[in-house]
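Thanks for making the time this morning. I would like to walk you through one model, with the cysteines as the starting point.

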Amino acid sequence: MNYEGVRGTKILNKPPIKTIKTEYDDIYDCVDFYDQPAFHHPLLKNHNYHPQMKPSLLTKESIPTASRSATLQPMGLSDGGCPVGTVPIRRYTKEDVIRQKLLPPPEDTVHVVDPPLTNRDNFNDSKTRRIKPLKGYKLAIVSTEDNPNNKFGGASMIAAIYNPRSTGQQHSACRLKLIKGKNIIQTGWRVDPTLYGDNRTRVFIHFDDGTNSCFDLLCPSFVIVSQNITLGQPLPHTSTIHGKLYDMAFQIKWDQEKGNWWLFLDNVAIGFWPKEVFDDFGNFATKVEWGGVVYSPAGVLEPPMGSGLYPLMRSTTVNAYCRVITLLNDKGQNIDLLGSKLPTFSTTPMLYTVIDVPNYPGLDYNHTILYGGPGEI
C-alpha cells in the first residue's frame, strides 16, 4: 500500500509536553503516545494500541549480554526521560528535511540464480538464491539463504560499536536485517551525515514494504513505547582498536499473540512494527542477515566499515563483530547455530571482508561474525 509519508516538520514535530536537550544538541520532544508518526498510517486510524503495550511473555525472553571483554553501551535520555503516556520523538528542522532528500535509494536485494527445487528445504544450502546489492552499496555479511520455505520468528546479535569515518553522502553501518519478499526490517548502528547531520554513531531502524521505505520514524511504520530510549539516539561511547570495547544487543522478535514485530535494545522493549503496515510479513521472515554495509555515491571513495580493519587476525580486540548471533523459528524457539557455518557474502573483498566463526572461543561469543575493512584509502 502506498501512503503519504511523514515529510515536513509540521507533521514530524508535534506540540511537546516536555522537551529534552542532550549533550549532543539533539532535541527530543515528549509527545502524547497517540500523536506519534506511526498513527498517520491510514491502516492505523482505528487501532487499539496504547502506551502500556508490552510484548507477550514468549517474546520477552532475553539474550545474554554480559561479556568479560566488552562494556554494555549506556542508553537512555537524561532528566528521567519522558512522562507516562508520552514518548520521545527527535525534533527535526527544515535543514534536516532538506538534507534527507539527498539520501540514496534504500539498500536493495535482487534475487538471482534460483536453486533446483530439491535444494529448497535447507536454509544453509549454498546453492540457493544469491544477492546483489543496489549500486553504491558494499556489503560484508553472513546470512541464511533466501529460501521461501524458511520460517524465522526473530533474530539477534550483540554488535561491537565503532565510529567509522563517513563524510558527505557516505554512510557506514552494522545491521541485523529480516526479509520476507519485498518486506524488510532492520536495526543496528550507523554513521550517516546525510540522515543525521553529523558523524556520530547512532541507533537506527529501517522499514521497507517494497513501496515505502524510511529510517527511524520518518514514515508511519513503527510504534514507540519506551519513554527513555528512542531511535536515532547517539551512542555515547565507541570501541577503539586494542582499547576498550563497547557493544550492544539488537533483537527483533515476532509476537505470536499480537502479530507485531518487536524491537529490543539490550533486552529493553523499544517498540514495534505493527502487523498492519506490512502487506505480507505475518508470522515469519524467510531470510536473515548480520554484518556491515557502507554506501558511497559515484566518484567518491568508499568509507571504512566496522573497525576499519580486515578481520584477518580473528580477534575481537581489533575487529568489528556480531557475537552470540541467534535465530528463532516461527514458534519463537532458538535454532541451534553453534557449529553451523552460514553463507558469507562480500561485495568487494579487496575492500571489505567477513568471516563466520560458528564456535568462537568463550561463552561470551558463541557463534560470532567478524567483518570490516578500510574501504578506499
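**Cysteines, sheet and pocket**

Let me begin with a pair that does not bond: the sulfur of Cys174 has its closest cysteine sulfur in Cys322, at 3.7 Å, and that is too far for a bond, given that a disulfide here requires the two sulfur atoms to lie within 2.5 Å. Please keep in mind that this is a predicted model. Cys174 counts as buried because its relative accessibility is 0%, and Cys322 likewise counts as buried, at 0%.

By that cut-off the count comes to 2 disulfides, and, with bonded cysteines counted along the chain, they follow the pattern 1-2, 3-4. One joins Cys30 to Cys82 with an S to S distance of 2.1 Å, and it links distant parts of the chain, since Cys30 sits in strand 2 and Cys82 in the loop between strand 3 and strand 4, 52 residues apart. The other joins Cys214 to Cys219 at 2.0 Å. Both links are left-handed, with -80 degrees about the S-S bond for Cys30 and Cys82 and -65 degrees for Cys214 and Cys219.

Turning to the sheet, we have an open arrangement of 7 strands in the order 10-9-8-7-15-5-17, paired antiparallel, with strand 10 and strand 17 at the edges. Within it, 9 bridges join strand 7 to strand 15, and Ser172 has Val294 in strand 15 as its bridge partner.

Finally, the second largest pocket has a volume of about 200 Å³; 12 residues line this pocket, and Thr22, Glu23, Tyr24, Gly76 and Gln233 are the closest to its centre. Its lining divides into 6 nonpolar, 4 polar and 2 charged residues.

Definitions and conventions. Residues are numbered from 1 along each chain as its sequence is written. This is a predicted model: local features need pLDDT of at least 70, side-chain atom pairs count only at pLDDT 80 or more; totals for chains, interfaces and linings use all residues. Side-chain values use heavy atoms; hydrogens and water are left out. Two strands pair if DSSP finds at least two bridges between them. Helices (H or I, at least four residues) and strands (E, at least two) are DSSP runs, numbered from the N terminus. On a 1 Å grid over the protein atoms alone, a cavity is a set of points where a 1.4 Å probe fits but cannot get out, and a pocket is an open set with protein on both sides within 12 Å along at least five of seven lines; lining residues have an atom within 4 Å of a point. Grid points are joined across faces, edges and corners, and a volume is the space filled by probe spheres set on the points. Ala, Val, Leu, Ile, Met, Phe, Trp, Tyr, Cys and Pro count as nonpolar, Asp, Glu, Lys and Arg as charged, and the others, Gly among them, as polar. Buried means under 20% relative accessible area, exposed over 50%, partly exposed in between (1.4 Å probe, protein chains only).
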